[in-house]
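Here's a walk through one protein chain, starting at a single loop residue and working back to the whole fold. Have the structure open and follow along.

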Amino acid sequence: MNMQMNRILLSCAMLLCSVGASLACTSLIATPGATVSGSSMVTYAADSHTLYGALASQPAADHPKGAMRKVYDWDTGVYRGEIPEVAHTYATVGNMNEHGLTIAESTFGGRPELEGSGTIDYGSLIYITLQRAKTAREAIDVMTSLVRDYGYASEGESFSIADPDEVWIMEMIGKGKTDKGAVWVARRVPDGYISGHANHPRIHTFPLKDPETLYSPDVISFARKQGYFSGKDKDFDFSRTYAITDNGAVRGCDARVWSYFRRFTSPEEMDKYTPWIMEAKGEPFPLWVKPSEKLSADDLKWMMRDHFEGTLLDMTKDIGAGAYDVPYRWRPMTFTVDSVEYVHERAIATQQTGFSFVADMNGKRHDAMKGVLWFGVDDANTCVYVPVFNSNTVVPKSLDEKTADLLTLSWDAMFWVNNYVANQAYNRYSQMIPDIRRVQSALENKYTAQVAEAEKAVASMDYDKARAYLNNLTVAAAEGTTADYKKLGDFLLVKFLDGNIKAEKDGVFERTPEGMPARPTFGGYNDRYFRSIVDEAGPRLRLENPEY
(Lines give C-alpha, C1' and ligand atoms only; values in the text may rest on other atoms or scores of the structure.)
Protein backbone atom coordinates (compact mmCIF):
# COMPACT_ATOMS: atom_id res chain seq x y z
CA MET A 1 0.00 0.00 0.00
CA ASN A 2 1.23 3.52 -0.79
CA MET A 3 1.52 5.10 2.65
CA GLN A 4 1.62 8.64 1.24
CA MET A 5 -1.84 8.18 -0.24
CA ASN A 6 -2.90 6.74 3.10
CA ARG A 7 -1.94 10.02 4.75
CA ILE A 8 -3.54 12.08 1.97
CA LEU A 9 -6.93 10.46 2.27
CA LEU A 10 -6.82 10.37 6.06
CA SER A 11 -6.65 14.15 5.96
CA CYS A 12 -10.06 14.48 4.37
CA ALA A 13 -11.85 11.50 5.88
CA MET A 14 -11.78 12.94 9.37
CA LEU A 15 -14.01 15.87 8.50
CA LEU A 16 -17.61 15.98 9.61
CA CYS A 17 -18.77 19.09 7.89
CA SER A 18 -19.14 21.82 10.46
CA VAL A 19 -17.43 25.11 11.05
CA GLY A 20 -15.77 23.58 14.08
CA ALA A 21 -14.02 20.92 12.03
CA SER A 22 -10.35 21.39 11.38
CA LEU A 23 -9.96 19.24 8.28
CA ALA A 24 -11.62 19.72 4.92
CA CYS A 25 -11.19 19.42 1.17
CA THR A 26 -12.45 21.51 -1.75
CA SER A 27 -13.13 20.52 -5.37
CA LEU A 28 -14.12 22.99 -8.08
CA ILE A 29 -15.30 22.02 -11.57
CA ALA A 30 -15.37 23.58 -15.05
CA THR A 31 -16.74 21.70 -18.06
CA PRO A 32 -15.19 21.88 -21.57
CA GLY A 33 -17.74 24.44 -22.77
CA ALA A 34 -16.92 26.67 -19.81
CA THR A 35 -13.16 26.83 -20.46
CA VAL A 36 -11.09 28.81 -22.92
CA SER A 37 -9.20 25.72 -24.08
CA GLY A 38 -12.19 23.38 -24.27
CA SER A 39 -10.72 21.29 -21.44
CA SER A 40 -12.47 19.60 -18.56
CA MET A 41 -11.04 20.98 -15.33
CA VAL A 42 -11.23 19.80 -11.75
CA THR A 43 -9.44 21.20 -8.72
CA TYR A 44 -8.69 19.65 -5.37
CA ALA A 45 -7.17 20.76 -2.07
CA ALA A 46 -6.15 18.07 0.42
CA ASP A 47 -6.23 19.92 3.72
CA SER A 48 -4.88 18.53 6.96
CA HIS A 49 -2.77 19.46 9.94
CA THR A 50 -0.83 16.20 9.68
CA LEU A 51 -0.34 15.81 5.93
CA TYR A 52 3.04 16.05 4.19
CA GLY A 53 2.52 17.14 0.58
CA ALA A 54 4.08 14.87 -2.05
CA LEU A 55 3.23 13.34 -5.43
CA ALA A 56 2.22 9.67 -5.49
CA SER A 57 2.74 7.46 -8.55
CA GLN A 58 1.75 3.89 -9.42
CA PRO A 59 2.95 2.12 -12.61
CA ALA A 60 0.72 0.14 -14.93
CA ALA A 61 0.80 -3.62 -14.37
CA ASP A 62 -0.44 -6.94 -15.73
CA HIS A 63 -1.85 -9.53 -13.34
CA PRO A 64 -2.24 -13.30 -13.77
CA LYS A 65 -5.63 -14.95 -13.78
CA GLY A 66 -6.86 -15.52 -10.25
CA ALA A 67 -4.70 -12.80 -8.72
CA MET A 68 -6.17 -11.04 -5.70
CA ARG A 69 -5.70 -7.46 -4.54
CA LYS A 70 -5.28 -6.74 -0.86
CA VAL A 71 -7.29 -3.73 0.31
CA TYR A 72 -6.15 -1.61 3.23
CA ASP A 73 -8.25 1.12 4.79
CA TRP A 74 -6.84 4.44 3.56
CA ASP A 75 -7.61 6.14 6.86
CA THR A 76 -6.02 3.67 9.25
CA GLY A 77 -3.91 1.27 7.19
CA VAL A 78 -5.95 -1.60 8.65
CA TYR A 79 -6.27 -4.61 6.35
CA ARG A 80 -9.86 -4.83 5.13
CA GLY A 81 -9.71 -7.90 2.91
CA GLU A 82 -9.04 -8.68 -0.72
CA ILE A 83 -10.84 -8.54 -4.04
CA PRO A 84 -10.14 -10.13 -7.43
CA GLU A 85 -7.56 -8.20 -9.44
CA VAL A 86 -8.21 -7.27 -13.06
CA ALA A 87 -5.93 -8.42 -15.87
CA HIS A 88 -4.39 -4.97 -16.39
CA THR A 89 -4.25 -1.90 -14.17
CA TYR A 90 -3.51 1.58 -15.50
CA ALA A 91 -0.73 3.86 -14.33
CA THR A 92 -1.62 6.70 -11.99
CA VAL A 93 0.11 9.92 -11.00
CA GLY A 94 -1.52 11.82 -8.18
CA ASN A 95 -5.29 11.68 -8.66
CA MET A 96 -5.00 11.22 -12.44
CA ASN A 97 -4.43 8.10 -14.50
CA GLU A 98 -2.65 7.58 -17.81
CA HIS A 99 -5.88 8.18 -19.76
CA GLY A 100 -6.46 11.58 -18.18
CA LEU A 101 -9.24 10.38 -15.89
CA THR A 102 -9.21 12.39 -12.65
CA ILE A 103 -11.09 11.81 -9.40
CA ALA A 104 -11.21 14.31 -6.52
CA GLU A 105 -13.26 14.24 -3.35
CA SER A 106 -14.56 16.03 -0.31
CA THR A 107 -15.93 14.26 2.75
CA PHE A 108 -19.30 15.33 4.13
CA GLY A 109 -19.67 12.67 6.80
CA GLY A 110 -23.44 12.83 6.84
CA ARG A 111 -25.47 10.78 9.28
CA PRO A 112 -22.96 9.08 11.60
CA GLU A 113 -25.09 5.93 11.92
CA LEU A 114 -24.58 5.32 8.19
CA GLU A 115 -20.87 4.65 8.39
CA GLY A 116 -20.68 1.53 6.27
CA SER A 117 -18.94 -1.81 6.55
CA GLY A 118 -17.23 -4.09 4.08
CA THR A 119 -14.00 -4.12 2.13
CA ILE A 120 -13.97 -0.86 0.15
CA ASP A 121 -13.46 2.48 1.88
CA TYR A 122 -13.72 5.70 -0.09
CA GLY A 123 -9.95 6.13 -0.53
CA SER A 124 -9.44 2.65 -1.90
CA LEU A 125 -12.45 3.31 -4.10
CA ILE A 126 -10.72 6.26 -5.77
CA TYR A 127 -7.39 4.64 -6.49
CA ILE A 128 -8.70 1.20 -7.46
CA THR A 129 -11.02 2.96 -9.89
CA LEU A 130 -8.23 5.06 -11.40
CA GLN A 131 -6.40 1.82 -12.12
CA ARG A 132 -9.45 0.25 -13.79
CA ALA A 133 -11.38 2.94 -15.70
CA LYS A 134 -10.63 5.07 -18.75
CA THR A 135 -13.61 7.46 -18.70
CA ALA A 136 -15.81 9.19 -16.16
CA ARG A 137 -18.81 6.98 -16.97
CA GLU A 138 -16.67 3.87 -16.65
CA ALA A 139 -15.42 5.19 -13.32
CA ILE A 140 -18.95 5.58 -11.98
CA ASP A 141 -19.75 2.02 -13.03
CA VAL A 142 -16.55 0.69 -11.43
CA MET A 143 -17.09 2.63 -8.21
CA THR A 144 -20.70 1.64 -7.73
CA SER A 145 -19.99 -2.00 -8.65
CA LEU A 146 -17.16 -2.20 -6.13
CA VAL A 147 -19.27 -0.94 -3.21
CA ARG A 148 -22.21 -3.10 -4.29
CA ASP A 149 -20.14 -6.28 -4.45
CA TYR A 150 -17.73 -5.77 -1.55
CA GLY A 151 -19.43 -3.27 0.74
CA TYR A 152 -18.68 0.39 1.46
CA ALA A 153 -16.71 1.06 4.64
CA SER A 154 -17.05 4.85 4.80
CA GLU A 155 -19.61 7.57 5.42
CA GLY A 156 -20.60 10.44 3.15
CA GLU A 157 -18.41 11.48 0.24
CA SER A 158 -18.70 13.80 -2.76
CA PHE A 159 -16.61 12.89 -5.81
CA SER A 160 -15.60 14.93 -8.85
CA ILE A 161 -15.08 12.47 -11.72
CA ALA A 162 -13.72 13.89 -14.95
CA ASP A 163 -12.30 12.84 -18.30
CA PRO A 164 -11.44 15.08 -21.29
CA ASP A 165 -15.10 15.21 -22.36
CA GLU A 166 -17.30 15.04 -19.27
CA VAL A 167 -17.41 15.94 -15.59
CA TRP A 168 -19.70 14.27 -13.09
CA ILE A 169 -20.49 14.83 -9.42
CA MET A 170 -21.29 11.67 -7.50
CA GLU A 171 -22.38 11.67 -3.87
CA MET A 172 -22.35 8.47 -1.86
CA ILE A 173 -22.98 7.41 1.70
CA GLY A 174 -22.79 4.08 3.49
CA LYS A 175 -25.81 2.15 4.72
CA GLY A 176 -24.67 1.44 8.25
CA LYS A 177 -23.29 -1.75 9.76
CA THR A 178 -26.18 -4.04 8.85
CA ASP A 179 -26.92 -3.08 5.21
CA LYS A 180 -24.20 -3.79 2.67
CA GLY A 181 -23.03 -1.23 0.17
CA ALA A 182 -24.05 2.39 -0.30
CA VAL A 183 -26.70 4.70 -1.67
CA TRP A 184 -25.60 7.25 -4.22
CA VAL A 185 -26.56 9.68 -6.95
CA ALA A 186 -24.43 11.00 -9.82
CA ARG A 187 -25.14 13.93 -12.11
CA ARG A 188 -23.27 15.06 -15.20
CA VAL A 189 -22.47 18.76 -15.05
CA PRO A 190 -23.97 20.27 -18.24
CA ASP A 191 -21.42 21.43 -20.77
CA GLY A 192 -20.74 25.15 -20.46
CA TYR A 193 -21.31 25.19 -16.70
CA ILE A 194 -19.19 25.24 -13.54
CA SER A 195 -19.83 23.43 -10.28
CA GLY A 196 -18.09 22.27 -7.12
CA HIS A 197 -18.38 20.81 -3.64
CA ALA A 198 -16.66 21.42 -0.32
CA ASN A 199 -17.56 18.96 2.44
CA HIS A 200 -21.31 19.25 2.15
CA PRO A 201 -23.46 17.31 -0.37
CA ARG A 202 -24.52 19.58 -3.21
CA ILE A 203 -27.10 17.36 -4.96
CA HIS A 204 -30.56 18.21 -3.70
CA THR A 205 -33.57 17.15 -5.79
CA PHE A 206 -32.76 15.47 -9.10
CA PRO A 207 -34.63 14.14 -12.17
CA LEU A 208 -35.64 10.52 -11.83
CA LYS A 209 -35.69 9.85 -15.58
CA ASP A 210 -32.66 11.46 -17.17
CA PRO A 211 -29.70 9.72 -18.87
CA GLU A 212 -27.41 12.38 -17.36
CA THR A 213 -28.50 11.46 -13.82
CA LEU A 214 -27.68 8.06 -12.34
CA TYR A 215 -28.57 6.74 -8.90
CA SER A 216 -28.71 3.56 -6.87
CA PRO A 217 -32.06 1.75 -7.10
CA ASP A 218 -32.64 2.11 -3.38
CA VAL A 219 -31.49 5.70 -2.84
CA ILE A 220 -35.06 6.75 -1.97
CA SER A 221 -36.45 3.49 -0.59
CA PHE A 222 -33.55 3.14 1.84
CA ALA A 223 -34.26 6.66 3.14
CA ARG A 224 -37.89 5.67 3.67
CA LYS A 225 -36.82 2.50 5.46
CA GLN A 226 -34.61 4.51 7.80
CA GLY A 227 -37.35 7.05 8.47
CA TYR A 228 -35.39 9.91 6.87
CA PHE A 229 -37.95 10.68 4.14
CA SER A 230 -41.69 10.25 3.69
CA GLY A 231 -42.67 12.52 0.80
CA LYS A 232 -43.16 11.95 -2.91
CA ASP A 233 -40.26 10.55 -4.91
CA LYS A 234 -40.05 13.69 -7.04
CA ASP A 235 -39.44 15.77 -3.91
CA PHE A 236 -36.61 13.61 -2.59
CA ASP A 237 -33.59 15.74 -1.63
CA PHE A 238 -30.34 13.76 -1.32
CA SER A 239 -28.43 16.47 0.56
CA ARG A 240 -31.10 17.25 3.13
CA THR A 241 -31.90 13.56 3.62
CA TYR A 242 -28.43 12.12 4.08
CA ALA A 243 -26.55 15.04 5.64
CA ILE A 244 -27.04 17.51 8.46
CA THR A 245 -27.87 20.91 7.00
CA ASP A 246 -27.23 23.76 9.41
CA ASN A 247 -25.44 27.07 9.33
CA GLY A 248 -22.22 25.30 10.23
CA ALA A 249 -22.41 23.07 7.19
CA VAL A 250 -23.20 25.85 4.76
CA ARG A 251 -21.05 28.59 6.29
CA GLY A 252 -18.00 26.37 6.65
CA CYS A 253 -18.51 24.34 3.49
CA ASP A 254 -20.98 25.55 0.84
CA ALA A 255 -19.66 29.10 1.19
CA ARG A 256 -16.44 28.08 -0.55
CA VAL A 257 -18.34 27.00 -3.67
CA TRP A 258 -20.59 30.06 -3.44
CA SER A 259 -17.49 32.27 -3.55
CA TYR A 260 -16.32 30.44 -6.70
CA PHE A 261 -19.69 30.96 -8.38
CA ARG A 262 -19.78 34.59 -7.32
CA ARG A 263 -16.34 35.23 -8.83
CA PHE A 264 -17.33 33.99 -12.29
CA THR A 265 -21.01 34.93 -12.53
CA SER A 266 -23.03 37.92 -11.41
CA PRO A 267 -22.16 38.87 -7.81
CA GLU A 268 -25.61 40.39 -7.42
CA GLU A 269 -27.26 37.14 -8.51
CA MET A 270 -25.19 35.03 -6.12
CA ASP A 271 -25.72 37.48 -3.25
CA LYS A 272 -29.38 36.45 -3.31
CA TYR A 273 -28.21 33.27 -1.62
CA THR A 274 -26.62 35.06 1.33
CA PRO A 275 -29.36 33.80 3.73
CA TRP A 276 -28.43 30.24 2.75
CA ILE A 277 -24.71 30.82 3.22
CA MET A 278 -25.07 32.62 6.54
CA GLU A 279 -27.93 30.78 8.21
CA ALA A 280 -29.02 27.83 6.02
CA LYS A 281 -32.25 29.68 5.29
CA GLY A 282 -34.10 29.93 2.00
CA GLU A 283 -33.22 28.06 -1.16
CA PRO A 284 -29.74 26.58 -1.61
CA PHE A 285 -27.75 28.02 -4.48
CA PRO A 286 -27.70 25.93 -7.67
CA LEU A 287 -25.62 22.81 -8.20
CA TRP A 288 -24.10 24.46 -11.26
CA VAL A 289 -24.12 27.87 -12.93
CA LYS A 290 -23.12 29.25 -16.30
CA PRO A 291 -20.07 31.52 -15.97
CA SER A 292 -20.13 35.01 -17.45
CA GLU A 293 -16.86 34.27 -19.25
CA LYS A 294 -14.83 31.17 -20.04
CA LEU A 295 -12.23 30.09 -17.53
CA SER A 296 -8.58 29.15 -17.94
CA ALA A 297 -6.43 26.86 -15.84
CA ASP A 298 -4.84 30.01 -14.43
CA ASP A 299 -8.27 31.25 -13.32
CA LEU A 300 -8.76 28.06 -11.34
CA LYS A 301 -5.28 28.26 -9.82
CA TRP A 302 -6.11 31.71 -8.50
CA MET A 303 -9.54 30.58 -7.34
CA MET A 304 -7.81 27.98 -5.20
CA ARG A 305 -6.14 30.95 -3.48
CA ASP A 306 -9.48 32.48 -2.49
CA HIS A 307 -10.09 33.96 0.98
CA PHE A 308 -13.54 35.35 0.15
CA GLU A 309 -11.98 38.57 -1.13
CA GLY A 310 -14.67 40.97 -2.34
CA THR A 311 -17.49 39.22 -0.46
CA LEU A 312 -19.15 39.87 2.88
CA LEU A 313 -16.94 37.09 4.30
CA ASP A 314 -13.67 38.73 3.20
CA MET A 315 -11.06 37.54 5.70
CA THR A 316 -8.83 40.61 5.26
CA LYS A 317 -11.47 43.09 6.44
CA ASP A 318 -11.94 42.49 10.17
CA ILE A 319 -9.62 42.87 13.13
CA GLY A 320 -8.91 39.15 13.01
CA ALA A 321 -6.65 39.97 10.05
CA GLY A 322 -4.42 41.88 12.42
CA ALA A 323 -1.99 44.61 11.56
CA TYR A 324 -1.07 43.16 8.15
CA ASP A 325 -4.41 42.09 6.60
CA VAL A 326 -3.65 38.40 7.10
CA PRO A 327 -6.39 36.23 5.51
CA TYR A 328 -5.74 33.30 7.85
CA ARG A 329 -7.13 32.21 11.20
CA TRP A 330 -5.49 29.62 13.42
CA ARG A 331 -7.56 26.72 14.65
CA PRO A 332 -9.86 26.02 16.37
CA MET A 333 -12.38 27.63 14.03
CA THR A 334 -14.82 28.55 16.78
CA PHE A 335 -14.20 30.55 19.93
CA THR A 336 -16.26 31.75 22.86
CA VAL A 337 -16.35 35.21 24.43
CA ASP A 338 -18.71 35.95 27.34
CA SER A 339 -20.53 32.64 26.75
CA VAL A 340 -21.25 33.54 23.11
CA GLU A 341 -19.77 31.33 20.38
CA TYR A 342 -18.19 32.88 17.31
CA VAL A 343 -16.60 31.49 14.17
CA HIS A 344 -13.60 32.10 11.95
CA GLU A 345 -14.33 31.86 8.24
CA ARG A 346 -13.10 28.77 6.41
CA ALA A 347 -11.90 29.70 2.90
CA ILE A 348 -10.63 27.54 0.03
CA ALA A 349 -7.02 28.57 0.66
CA THR A 350 -5.88 27.54 4.11
CA GLN A 351 -2.59 27.17 5.90
CA GLN A 352 -2.85 23.42 6.55
CA THR A 353 -3.11 22.22 2.94
CA GLY A 354 -0.87 19.27 2.16
CA PHE A 355 -1.21 19.49 -1.60
CA SER A 356 -3.60 20.87 -4.20
CA PHE A 357 -4.02 20.64 -7.94
CA VAL A 358 -5.81 21.92 -11.01
CA ALA A 359 -6.41 19.05 -13.44
CA ASP A 360 -6.75 20.06 -17.11
CA MET A 361 -7.93 17.27 -19.43
CA ASN A 362 -8.16 17.74 -23.19
CA GLY A 363 -8.44 14.98 -25.80
CA LYS A 364 -7.15 17.25 -28.57
CA ARG A 365 -3.65 17.12 -27.15
CA HIS A 366 -1.13 14.32 -27.65
CA ASP A 367 -2.10 11.20 -25.68
CA ALA A 368 0.96 11.69 -23.48
CA MET A 369 -0.33 15.06 -22.28
CA LYS A 370 -4.09 14.81 -22.59
CA GLY A 371 -4.06 15.31 -18.83
CA VAL A 372 -2.07 18.13 -17.23
CA LEU A 373 -2.06 18.04 -13.44
CA TRP A 374 -0.98 21.46 -12.19
CA PHE A 375 0.36 20.31 -8.84
CA GLY A 376 1.33 22.32 -5.78
CA VAL A 377 2.22 21.53 -2.18
CA ASP A 378 1.44 23.41 1.03
CA ASP A 379 -0.88 26.44 1.06
CA ALA A 380 -2.46 26.94 -2.39
CA ASN A 381 -2.24 30.71 -1.93
CA THR A 382 1.54 30.77 -1.80
CA CYS A 383 2.48 27.59 -3.67
CA VAL A 384 3.67 27.32 -7.27
CA TYR A 385 1.69 24.97 -9.50
CA VAL A 386 4.09 22.88 -11.58
CA PRO A 387 2.98 20.78 -14.58
CA VAL A 388 2.66 17.02 -14.17
CA PHE A 389 1.39 14.94 -17.09
CA ASN A 390 -0.78 11.85 -17.35
CA SER A 391 2.13 9.93 -18.93
CA ASN A 392 4.71 10.86 -16.27
CA THR A 393 6.65 7.97 -14.78
CA VAL A 394 9.28 9.99 -12.91
CA VAL A 395 8.56 11.70 -9.59
CA PRO A 396 10.94 14.65 -8.99
CA LYS A 397 13.04 14.41 -5.84
CA SER A 398 11.44 17.59 -4.50
CA LEU A 399 8.00 15.95 -4.69
CA ASP A 400 9.00 12.44 -3.66
CA GLU A 401 7.54 11.24 -0.35
CA LYS A 402 10.92 9.66 0.46
CA THR A 403 12.72 13.04 0.48
CA ALA A 404 11.27 14.26 3.78
CA ASP A 405 8.19 14.12 5.96
CA LEU A 406 6.20 16.41 8.23
CA LEU A 407 8.68 15.97 11.06
CA THR A 408 11.85 16.07 8.96
CA LEU A 409 12.81 19.37 7.33
CA SER A 410 14.68 19.17 4.03
CA TRP A 411 15.60 22.03 1.72
CA ASP A 412 15.36 19.50 -1.14
CA ALA A 413 11.61 19.16 -0.53
CA MET A 414 9.23 21.59 -2.21
CA PHE A 415 6.81 21.21 0.70
CA TRP A 416 9.37 22.57 3.15
CA VAL A 417 10.59 25.50 1.06
CA ASN A 418 6.98 26.52 0.40
CA ASN A 419 6.34 26.45 4.14
CA TYR A 420 9.49 28.53 4.65
CA VAL A 421 7.96 31.22 2.44
CA ALA A 422 4.36 30.94 3.60
CA ASN A 423 5.01 30.92 7.32
CA GLN A 424 6.97 34.15 7.08
CA ALA A 425 4.10 35.74 5.17
CA TYR A 426 1.56 34.71 7.81
CA ASN A 427 3.20 37.22 10.17
CA ARG A 428 3.43 40.24 7.82
CA TYR A 429 1.18 39.30 4.94
CA SER A 430 0.40 42.66 3.35
CA GLN A 431 4.08 43.58 3.28
CA MET A 432 5.43 40.25 2.01
CA ILE A 433 2.78 39.06 -0.43
CA PRO A 434 3.88 41.41 -3.27
CA ASP A 435 7.34 39.80 -3.27
CA ILE A 436 5.81 36.33 -3.19
CA ARG A 437 3.46 37.16 -6.06
CA ARG A 438 6.39 38.48 -8.08
CA VAL A 439 8.26 35.18 -7.93
CA GLN A 440 5.19 32.93 -7.94
CA SER A 441 3.64 34.58 -10.99
CA ALA A 442 6.90 34.60 -12.94
CA LEU A 443 7.35 30.86 -12.37
CA GLU A 444 3.77 29.92 -13.18
CA ASN A 445 3.75 32.10 -16.30
CA LYS A 446 6.96 30.39 -17.40
CA TYR A 447 5.49 26.93 -16.92
CA THR A 448 2.28 27.85 -18.72
CA ALA A 449 4.37 28.96 -21.69
CA GLN A 450 6.46 25.78 -21.50
CA VAL A 451 3.38 23.57 -21.55
CA ALA A 452 2.10 25.43 -24.62
CA GLU A 453 5.48 24.91 -26.28
CA ALA A 454 5.43 21.25 -25.26
CA GLU A 455 2.05 20.74 -26.88
CA LYS A 456 3.59 21.75 -30.20
CA ALA A 457 6.89 19.97 -29.61
CA VAL A 458 5.41 16.52 -28.87
CA ALA A 459 2.72 16.65 -31.55
CA SER A 460 4.79 14.58 -34.00
CA MET A 461 6.55 12.38 -31.42
CA ASP A 462 5.68 8.79 -30.59
CA TYR A 463 4.32 8.17 -27.10
CA ASP A 464 7.57 7.06 -25.47
CA LYS A 465 9.55 10.00 -26.79
CA ALA A 466 6.80 12.42 -25.78
CA ARG A 467 6.68 10.91 -22.30
CA ALA A 468 10.44 11.33 -21.87
CA TYR A 469 10.17 14.99 -22.96
CA LEU A 470 7.36 15.62 -20.48
CA ASN A 471 9.09 13.79 -17.64
CA ASN A 472 12.05 16.13 -18.11
CA LEU A 473 9.80 19.18 -18.15
CA THR A 474 8.16 18.17 -14.87
CA VAL A 475 11.46 17.43 -13.13
CA ALA A 476 13.00 20.74 -14.26
CA ALA A 477 9.93 22.71 -13.13
CA ALA A 478 9.74 21.03 -9.73
CA GLU A 479 13.44 21.28 -8.94
CA GLY A 480 13.65 24.83 -10.32
CA THR A 481 10.71 25.95 -8.22
CA THR A 482 12.20 24.40 -5.10
CA ALA A 483 15.51 26.21 -5.63
CA ASP A 484 13.87 29.54 -6.47
CA TYR A 485 11.54 29.39 -3.48
CA LYS A 486 14.41 28.67 -1.12
CA LYS A 487 16.03 31.86 -2.45
CA LEU A 488 12.73 33.69 -2.01
CA GLY A 489 12.48 32.57 1.62
CA ASP A 490 16.02 33.77 2.26
CA PHE A 491 15.21 37.09 0.60
CA LEU A 492 12.11 37.61 2.75
CA LEU A 493 14.05 36.86 5.92
CA VAL A 494 16.69 39.44 5.07
CA LYS A 495 14.36 42.12 3.72
CA PHE A 496 11.88 42.06 6.62
CA LEU A 497 14.26 41.27 9.47
CA ASP A 498 13.32 42.76 12.86
CA GLY A 499 10.28 44.64 11.59
CA ASN A 500 12.31 46.68 9.11
CA ILE A 501 11.89 46.78 5.34
CA LYS A 502 15.27 46.91 3.66
CA ALA A 503 15.61 48.97 0.49
CA GLU A 504 15.82 46.85 -2.66
CA LYS A 505 15.10 47.03 -6.37
CA ASP A 506 14.10 44.02 -8.43
CA GLY A 507 15.22 41.72 -5.63
CA VAL A 508 18.65 43.31 -5.18
CA PHE A 509 19.35 45.08 -1.88
CA GLU A 510 20.63 48.65 -2.03
CA ARG A 511 23.83 49.88 -0.37
CA THR A 512 25.29 53.28 0.36
CA PRO A 513 28.29 54.49 -1.69
CA GLU A 514 30.42 53.29 1.21
CA GLY A 515 29.01 49.78 0.91
CA MET A 516 26.78 49.89 3.99
CA PRO A 517 23.13 48.74 3.86
CA ALA A 518 20.81 51.54 2.77
CA ARG A 519 18.61 52.81 5.57
CA PRO A 520 15.45 50.70 5.84
CA THR A 521 11.88 51.92 6.08
CA PHE A 522 9.64 51.05 8.99
CA GLY A 523 6.43 49.41 7.84
CA GLY A 524 4.63 49.75 11.13
CA TYR A 525 0.98 48.73 11.32
CA ASN A 526 -2.22 49.51 9.47
CA ASP A 527 -4.72 52.13 10.65
CA ARG A 528 -7.31 49.57 11.75
CA TYR A 529 -4.78 48.01 14.12
CA PHE A 530 -3.81 51.39 15.57
CA ARG A 531 -7.47 52.18 16.19
CA SER A 532 -7.98 48.87 17.96
CA ILE A 533 -5.08 49.72 20.28
CA VAL A 534 -6.61 53.10 21.01
CA ASP A 535 -10.00 51.54 21.68
CA GLU A 536 -8.51 49.19 24.26
CA ALA A 537 -5.62 51.12 25.79
CA GLY A 538 -5.91 54.68 24.51
CA PRO A 539 -5.95 56.50 27.87
CA ARG A 540 -2.77 54.76 29.00
CA LEU A 541 -0.89 55.27 25.73
CA ARG A 542 -2.06 58.78 24.85
CA LEU A 543 0.73 61.38 24.76
CA GLU A 544 -0.27 64.42 26.79
CA ASN A 545 2.99 66.12 25.85
CA PRO A 546 3.50 65.94 22.05
CA GLU A 547 7.22 66.57 22.55
CA TYR A 548 7.65 63.35 24.53
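## A loop residue out in the open

Let's begin with Asp498, which is exposed because its relative accessible area is 68%, and the cut-off for exposed is over 50%. Bear in mind that this is a predicted model. Asp498 sits in the loop between α12 (463–495) and β22 (500–501).

What is the phi of Asp498? The value is about 60°, so positive, although Asp498 is not a glycine. For background, most residues other than glycine have a negative phi.

## The loop between α9 and β17

Asp325 also has a positive phi without being a glycine, in this case near 55°. You'll find Asp325 in the loop between α9 and β17. Buried, exposed or partly exposed? Asp325 comes out at 27% relative accessibility, so it counts as partly exposed.

Pro332 belongs to the loop between α9 and β17 (334–337) too. Take a look at the peptide bond joining Arg331 and Pro332: it is cis, with omega at about 5°. As a general point, most peptide bonds are trans.

## Asp246 and a partner far along the chain

Asp246 lies in the loop between α5 (238–242) and α6 (247–264). With a relative accessibility of 33%, Asp246 counts as partly exposed, because the partly exposed range runs between 20% and 50%.

Which residue is 33 positions from Asp246 in sequence, yet 7.2 Å from it in space? That's Glu279, with the distance taken from C-alpha to C-alpha.

## The second largest pocket

Now for some empty space. The second largest pocket holds about 280 Å³, and 16 residues line it. Ser37, Ala297, Asp360, Arg365 and Val451 are the lining residues nearest its centre.

Three elements give two or more residues to that lining: α9 (297–303), β20 (371–377) and α11 (429–457). Which one gives the most? That would be α11, with 4 residues. Sorted by class, the lining has 7 nonpolar, 4 polar and 5 charged residues.

## Two nonpolar cores

In soluble globular proteins, nonpolar side chains tend to be buried together. Here the largest nonpolar core has 122 residues, and Tyr242 and Tyr260 are the ones touching the most other members. If you leave out residues up to four places away in sequence, Tyr260 touches Leu28, Ile29, Ala30, Ile194, Ser195, Leu295, Leu300 and Met303.

There is also a second, separate core, made up of 29 residues. Among them are Leu146, Phe159, Trp168 and Ala182.

## Stepping back to the whole chain

Zooming out, the protein chain has 13 helices and 25 strands. Of its 548 residues, 57% count as buried. Taking contacts with a separation of 6 or more, 71% are between residues 24 or more positions apart.

How does the radius of gyration of the protein chain match up with that of a compact globule? For 548 residues, a compact globule would come in near 24 Å, and the protein chain has 24 Å, so the two agree. Along the principal axes, the C-alpha atoms fill a box of roughly 85 × 60 × 45 Å.

Conventions: Residues numbered from 1 in each chain as written. Predicted model: local features only at pLDDT ≥ 70, side-chain atom pairs only at ≥ 80, totals over all residues. Heavy atoms only, no water. Core = buried A, V, L, I, M, F, W, Y, C linked by side-chain atoms within 4.5 Å. Buried < 20%, exposed > 50% of the residue type's maximum accessible area, 1.4 Å probe, protein only. Contact = heavy atoms within 4.5 Å. 1 Å grid on protein atoms, 1.4 Å probe; cavity = no way out; pocket = protein on both sides within 12 Å on 5 of 7 lines; lining within 4 Å. Points joined across faces, edges and corners; volume = space filled by probe spheres on them. Nonpolar A, V, L, I, M, F, W, Y, C, P; charged D, E, K, R; others polar. Rg over C-alpha atoms; globule rule 2.2 N^0.38 Å.
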